[in-house]
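Grab a pencil and work through these short exercises. Each one has a task, then a solution in steps.

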Amino acid sequence: EIGQCKIISNEKIGVLYQNTTFFENPVGIVLLTVERFSGKPNIKEGIIEFQFFDHNEVRLMIKNGDIEDQFTLSALAKFFFL
C-alpha cells in the first residue's frame with residue numbers, strides 16, 4: 001500500500017480474525033524486511049505519507065497510547081510476544 005519496495009525477507013507471524021461477526025476468514029500477518037523506501041507513497045491507496053520506526057520506538061508508541069487501532073495492536077502483540 002505504501003508503493004514499491006524491494007522485499008529482502010518475509011516471515012509468517014500468524015493470523016488474526018478482524019471481526020468474526022462480519023469476516024469469517026482470518027487475515028495473515030507477515031513481517032517484511034524491506035529496503036528503505038524513498039519514492040512517493042501510493043496516493044490511490046489514500047496514503048499521503050509514512051515513516052519507518054524501529055522496535056523500541058513502536059513499543060514506546062504503544063506505551064504512550066499513540067497506536068489505537070486494535071487490529072494493529074493485535075498484529076504487534078503477535079510480533080512482540082509470540
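**Exercise 1. Work out how far apart the mean positions of the positive and negative charges lie.**

Start by counting: the chain has 8 positive and 11 negative charges, with Lys and Arg taken as positive, Asp and Glu as negative, and His and the chain ends not counted. Each charge is placed at NZ of Lys, CZ of Arg, CG of Asp or CD of Glu. Average each set, and the two mean positions come out 6 Å apart.

A quick note on the ground rules: this is a predicted model, where local features need pLDDT of at least 70 and side-chain atom pairs count only at pLDDT 80 or more, while totals for chains, interfaces and linings use all residues. Residues are numbered from 1 along each chain as its sequence is written, and side-chain values use heavy atoms, with hydrogens and water left out.

**Exercise 2. Find the salt bridge count, and say which residues pair up.**

The rule first: a side-chain nitrogen of Lys or Arg must sit within 4 Å of a carboxyl oxygen of Asp or Glu. That gives one salt bridge. The partners are K6 and E35, whose closest N and O atoms are 3.9 Å apart. This pair ties together distant parts of the chain, 29 residues apart: K6 comes in the segment before strand 1 (7-16), and E35 in the loop between strand 2 (27-34) and helix 1.

Now check the surroundings, calling a residue buried under 20% relative accessible area, exposed over 50% and partly exposed in between (1.4 Å probe, protein chains only). K6 is exposed at 53%, whereas E35 is partly exposed at 39%.

**Exercise 3. Trace the order of helices and strands.**

Use DSSP runs numbered from the N terminus: H or I over at least four residues for helices, E over at least two for strands. You get two helices and two strands, in the order β-β-α-α.

**Exercise 4. List the largest nonpolar core and see what L76 touches.**

Look for buried Ala, Val, Leu, Ile, Met, Phe, Trp, Tyr and Cys residues joined through side-chain atoms within 4.5 Å. The largest such core has five residues: V58, M61, I67, L76 and F80. Helix 1 (55-63) and helix 2 (70-81) each contribute at least two of its residues.

Next, take L76 and skip its neighbours within four places in sequence; its contacts (heavy atoms within 4.5 Å) are then V58, I62 and I67. For the whole chain, 15% of the 82 residues count as buried.
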